[in-house]
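Reader: I am a first-year student, and I would like to look closely at one part of this model. Please take me through the place where the two chains meet.

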Amino acid sequence: MIDLGPHADYIVASYAAAGLVLGLLIGASVLANLAAARRLAALEAREASKPAAAKQ
Amino acid sequence: METAPKPSLWLRLANPAAFNALANVLLWPLIVGTIAAFGYGLYGAFMTSPADYQQGETVRIMYIHVPAAWLSLFVYAGMAVSALGTLVFRHPMADVAQKAAAPVGAGFTLICLLTGSFWGKPMWGTWWEWDARLTSVLILFLIYLGIIALWRAIDEPQRGARAVAIMTLVGAVNLPIIKFSVDWWYTLHQPASVFRMGGPTIDRAMLTPLFVMGLAYLLLYLVLLIVRMKTELMVRRIERLQIVAADKQARQGGSR
């Protein structure tokens with residue numbers, strides 16, 4: 001393990017903070033994308049099934 | 001026989017389907033590039049970069065702080081261009097890009113502020129100082145938050161896009177203030193040492209990992225921008241479908 005000297009806590013904390021912010025950004029972006037894709041697929045499936053239901 | 005001229009990429013990207021097709025081609029190479037750049041950049045930041053003769057090991061914070069500062073300005077400059085795209089050229093994807101970019105820009109600015117604070121405590125003896133550079137970057141962060149709040153406050157996308165575009169252009173005056181604050185005022189923050197007249201003052205052993213980390217941040221930004229733009233397009237399509245469904249339902253109810 002590399003010796004980060006007397007200010008190691010500050011270095012580790014800064015990398016942890018950057019990692020946390022980037023992780024939140026990536027996580028929020030991916031989750032929002034998956035949720036939107038699911039909702040759109042469900043809506044389109046519902047719209048596609050409507051004419052068939054109307055014919056019955 | 002005359003054939004219609006092929007539309008430019010700028011015009012073709014106005015079509016969400018064309019944008020999605022291009023985005024799908026670009027996304028995975030950008031993700032792989034981002035991971036590789038972060039891997040190489042972090043290796044350089046911790047393994048090949050020497051300690052600074054004044055800052056010691058604390059210089060390693062520079063590799064995540066400085067690229068975050070670059071990207072906080074770069075993202076905002078891109079949003080200002082998108083704002084012109086909305087107001088002047090009325091490009092349909094301009095406000096989608098702007099809305100997608102704002103939270104990412106805010107994230108980079110927050111990283112810049114946090115890591116700068118963690119560097120400032122051992123080097124300056126203080127977490128925060130109300131000097132021109134630090135204060136102007138804090139204002140940039142607040143402008144980002146204001147833009148995000150404005151998007152959420154206005155339901156109608158086109159009205160929201162115009163209001164946000166005007167606010168973005170007004171806020172762009174802060175960019176040169178941030179860049180030149182260290183020259184115009186006496187500040188605790190050190191002057192420019194990479195992008196300056198006369199070239200960088202940093203040794204190549206430190207400059208290489210710094211630029212690689214800058215590239216990693218840039219590639220990550222492009223990945224997030226594409227993912228968030230695709231999401232925004234889907235959200236708008238969902239809203240349109242819901243409006244059409246509600247309209248159909250209302251007409252059916254009215255005809256009974």
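With which residue does Glu44(A) form a salt bridge, and how far apart are the closest N and O atoms?

Author: The model is a predicted one. In it, Glu44(A) forms a salt bridge with Arg237(B), and the closest N and O atoms of the pair are 2.9 Å apart. A salt bridge here requires a side-chain nitrogen of Lys or Arg within 4 Å of a carboxyl oxygen of Asp or Glu, so the pair at 2.9 Å satisfies the rule.

Across the interface of chain B and chain A, the rule finds 1 salt bridge. Over all chains, the structure holds 6 salt bridges. The pair that crosses between chains runs from Glu44(A), in helix H1 (residues 8-55) of chain A, to Arg237(B), in helix H8 of chain B. Besides salt bridges, one may count polar contacts: between chain B and chain A there are 5 residue pairs in polar contact, with both residues at pLDDT 80 or more.

Consider next the elements of chain B that take part. Helix H2 (16-48), helix H3 (62-89), helix H4 (94-124) and helix H8 (204-255) of chain B are the elements that give two or more residues to the side touching chain A. Of these, H8(B) provides the largest share, 14 residues. By class, this side of chain B has 25 nonpolar, 5 polar and 7 charged residues.

The whole contact takes 37 residues from chain B and 27 residues from chain A. The area buried between the two chains is about 2800 Å², and carbon and sulfur atoms give 78% of that area. Within chain B, the residues that lose the most area to chain A are Phe46(B), Met234(B) and Ile238(B), which together account for 19% of what that side buries.

A further feature of chain B concerns its surface. Trp10(B), Leu11(B), Leu84(B), Val88(B), Phe89(B) and Leu169(B) make a nonpolar surface patch of about 620 Å². Helix H1 (9-12) and H3 of chain B each supply at least two residues of this patch, and the largest share, 3 residues, comes from H3(B). Trp10(B) is found in helix H1 of chain B. Helix H3 of chain B therefore appears twice in this account, because an element is named for the side touching chain A when that element gives two or more residues, and H3(B) also supplies residues of the nonpolar patch.

Definitions and conventions
Residues are numbered from 1 along each chain as its sequence is written. Chains are lettered from A and ligands numbered from 1 in the order in which they are written. This is a predicted model: local features need pLDDT of at least 70, side-chain atom pairs count only at pLDDT 80 or more; totals for chains, interfaces and linings use all residues. Side-chain values use heavy atoms; hydrogens and water are left out. Contact means heavy atoms within 4.5 Å. Buried area is the accessible area (1.4 Å probe) that two parts lose on being put together, summed over both. A polar contact is a pair of N or O atoms within 3.5 Å; within protein, one must be able to donate a hydrogen and the other to accept it, and residues adjacent in sequence count only if both atoms are side-chain atoms. Helices (H or I, at least four residues) and strands (E, at least two) are DSSP runs, numbered from the N terminus. Ala, Val, Leu, Ile, Met, Phe, Trp, Tyr, Cys and Pro count as nonpolar, Asp, Glu, Lys and Arg as charged, and the others, Gly among them, as polar. Patches are made of residues with over 30% relative accessible area and no salt bridge: like charges are joined within 9 Å, nonpolar side chains (Val, Leu, Ile, Met, Phe, Trp, Tyr) within 5 Å. Accessible areas come from the Shrake-Rupley method with a 1.4 Å probe; for residues, only the protein chains shown count as cover.
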